[in-house]
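Me: Please walk me through this structure. Short questions and short answers will do.

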Amino acid sequence: MYRIIDNKSSGKTHQLMEIAKANNAAFVCSNPHAMEAKAHAYGIVGIEFVDYYDFLDHAGKDIGGNYVIDEIESFFQYACKFHGLNGELVGYTLTNGD
């Protein structure tokens, strides 16, 4: 599993797009149209872009079997609202490695 943790405007999304392409993974993000345009600007084509709603609503039935998620914290907040849960993410752990 790849984990990209860095500052804003450091190229994280570009790296994640390269990983998605190399692993034939769907790119789950908040704005697929903007991300697809960004990928094309980088010269990256052939990635399936899926918004948070479609990913959660379809539970992977209609999209590929490998995924990358852009902005996991935003995804988590969206998933909570999607399922009608209130509150804010105040912390999490992240294991670097397998």
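**One threonine, one core, two cysteines**

Me: Which side chain does the side chain of T13 make a polar contact with?
Reply: A polar contact is a pair of N or O atoms within 3.5 Å; within protein, one must be able to donate a hydrogen and the other to accept it, and residues adjacent in sequence count only if both atoms are side-chain atoms. This is a predicted model: local features need pLDDT of at least 70, side-chain atom pairs count only at pLDDT 80 or more, and totals for chains, interfaces and linings use all residues. Residues are numbered from 1 along each chain as its sequence is written, and side-chain values use heavy atoms, without hydrogens and water. At 3.4 Å, the partner of T13 is D70.

Me: Is T13 buried or exposed?
Reply: Buried means under 20% relative accessible area, exposed over 50%, partly exposed in between (1.4 Å probe, protein chains only). T13 has a relative accessible area of 14%, so T13 is buried.

Me: Which element gives the largest share of the largest nonpolar core?
Reply: Such a core is a set of buried Ala, Val, Leu, Ile, Met, Phe, Trp, Tyr and Cys residues joined through side-chain atoms within 4.5 Å. The largest one has 13 residues, including M17 and F49. Helices (H or I, at least four residues) and strands (E, at least two) are DSSP runs, numbered from the N terminus. With 4 residues, the largest share comes from α1.

Me: How many disulfides does the structure hold?
Reply: A disulfide is a pair of cysteine sulfur atoms within 2.5 Å. The sulfur of C29 is 19 Å from the closest cysteine sulfur, in C80, so a bond is ruled out by distance. The number of disulfides is 0.
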